[in-house]
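Q: I'd like to learn how to read a two-chain model piece by piece. Can you walk me through it?

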Amino acid sequence: MEDFNLNSVACAIEDAPSEKLNEEQENVIDVTFQIENKWEGVVVDIDGEIVYSKMKEVSSGDDYEYNFKKKDVPSDDRPLITEGALFNFYSGYQVKGKTRKNSRIIKFRRQLNTPKTIDAILDKMNAMGIADLIEKH
Amino acid sequence: MIDLSLKPSESIYEIEILGSFIPGNYNPMWFFSNDLLGKEEAENATILKAEHEVVMIFTTNFIRIIVEKNKFRIGTGQLLSFDLVKDMAISVCKLIKDSILNEFSIETCLHITFKNEKLFLKALNSLGNAERWNNLLANPQSIEFEVQSKIDLPNKKLKRILRVSPCGRSDMKNTLHVYVFNVFTLKKEKTSVWEVIEEDTTTLNASITLINDLNDLHFKN
């Protein structure tokens, strides 16, 4: 990776450390859902079908409490709904043909857990002021 | 993540891991079987190219995966989804730690479209300081620009590369690629790639700051 090709390349994201693939496949990632705003959330409690969370709006840094139903989460992500789980809440729109449809998506984050991952989640919970909500034994 | 001061027509955030891979092994179902994608997400992934020994390219609603013999690339078309890319990269590095090298890069790549050709060419000339060539050439025009910096950090070296070049796509008139590549080389074998990616909270913001400064200095009139 030390030796960079300094020749001009028409249009390819990998033109630093790599050889080129097909440009059409390389320099565009089709976006089916256009994100306009994002909140980062953490699940603080679950009561049956209701999920209680705290969220932070990325652009403003404002905090919100937000409750949603498990069925609002894509079925793939429902097994990930546990206390302390991190998720992103996106608002935006989907483009189908020439029409735009406003949309919201809750996307749970997936990561293989390690002690450091768990520390990071706890740090996030602390930063959001959730520590006080956790029962101490 | 700090805000961009300009609105790109397209953007990509990507983490590229180097190593030795058999691309065909990394189809969407491999990601599902390792809990990195949901079942529906994996089944609905769009496979753009699959040649077992050569390349695997597929996309989901949020990420794109490209695996070649020596590269494993995880990207998104929206900067706001950078954390999903990080999560995926960290998990992939943990799963295939024996196949990866101690080098990787974090890349922010934008397409910046100008209102007209005059502004587009002016921006390139500003970057390349083309006026310096007035005595040697008539109407000098800069074509592309690249600058690198090397930073020695604890446990790792960082090479940051800023590259600006015209986009050749027919659907992208008066458009520049603005790429920031952050190439990390780990010094100690004990430090793992996934730990560095996990602990990194500055690279994306540093890249955006660089692009914002570039915009202020060279793209605004």
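Q: Let's start with chain A. What pattern does chain A follow when read along the sequence?
A: One thing up front: this is a predicted model. Chain A reads α-β-β-β-β-β-α along its sequence, which gives two helices and five strands.

Q: What percentage of the residues in chain A is buried?
A: Of the 137 residues in chain A, 26% are buried. You can also look at how contacts span the sequence: among those between residues at least 6 apart in chain A, 42% join residues at least 24 apart.

Q: How many residues does each chain bring to the contact between chain A and chain B?
A: As a general idea, the size of an interface is often given as the accessible area lost when the parts come together. Here we can go by residues instead: chain A supplies 31 and chain B supplies 50. On the chain A side, the largest share is three residues, from strand β1 (residues 33-47) of chain A. Sorted by class, that side of chain A has 15 nonpolar, eight polar and eight charged residues.

Q: Over to chain B. In what order do the nine strands of the open sheet run?
A: In general, strands of a sheet pair through backbone hydrogen bonds, either parallel or antiparallel. In chain B the order is β2-β3-β4-β5-β1-β6-β9-β8-β7, with antiparallel pairing. Strands β2 (46-51) and β7 of chain B are at the edges with a single partner strand each, so each has one side without a neighbour in the sheet. Ignoring direction, neighbouring strands are turned by 10 degrees against each other on average.

Q: Which strands of chain B does helix α3 touch where it packs on the sheet?
A: Helix α3 (residues 82-95) of chain B touches β1 (10-19), β5 and β6 of chain B, and its direction makes about 155 degrees with that of β5(B). As for β5 (residues 71-76) of chain B, it pairs with β4 (residues 64-68) of chain B in the antiparallel sense, over four bridges. If you want a spot to click on, R64(B) has G75(B) as its bridge partner in β5(B).

Q: How many residues lie between β7(B) and β8(B) in their hairpin?
A: Two, and N155(B) in that turn has a positive phi of about 70 degrees. The pairing of β7(B) with β8 (residues 156-166) of chain B is antiparallel and covers nine bridges. One pair to look up is L153(B), whose bridge partner in β8(B) is K156(B).

Q: Back to positive phi. Where is N129(B) found, and is N129(B) buried or exposed?
A: N129(B) is in the loop between α4 (117-128) and β7 (145-153) of chain B. N129(B) counts as exposed because it has 12 C-beta neighbours inside 10 Å, and exposed means 12 or fewer. Its phi is positive, about 50 degrees, although N129(B) is not a glycine. N139(B) is found in the loop between α4 and β7 of chain B too, and it is a non-glycine with a positive phi of about 50 degrees. With 8 other C-beta atoms within 10 Å, N139(B) is exposed.

Q: Which residues is T113(B) in contact with, leaving aside its neighbours within four places in sequence?
A: Those are S9(B), M172(B), N174(B) and T175(B). T113(B) sits in strand β6 (residues 100-113) of chain B, and counts as partly exposed because it has 17 C-beta neighbours inside 10 Å. Also, the C-alpha atoms of T113(B) and K173(B) are 7.2 Å apart, although 60 residues separate the two along the chain.

Notes: Residues numbered from 1 in each chain as written. Chains lettered and ligands numbered in written order. Predicted model: local features only at pLDDT ≥ 70, side-chain atom pairs only at ≥ 80, totals over all residues. Buried ≥ 20, exposed ≤ 12 C-beta atoms within 10 Å, placed from the backbone. Contact = placed C-beta atoms within 7 Å. Nonpolar A, V, L, I, M, F, W, Y, C, P; charged D, E, K, R; others polar. Pairing = 2+ DSSP bridges. Axes fitted to C-alpha atoms, helices over the stretch in contact; angles between N-to-C directions.
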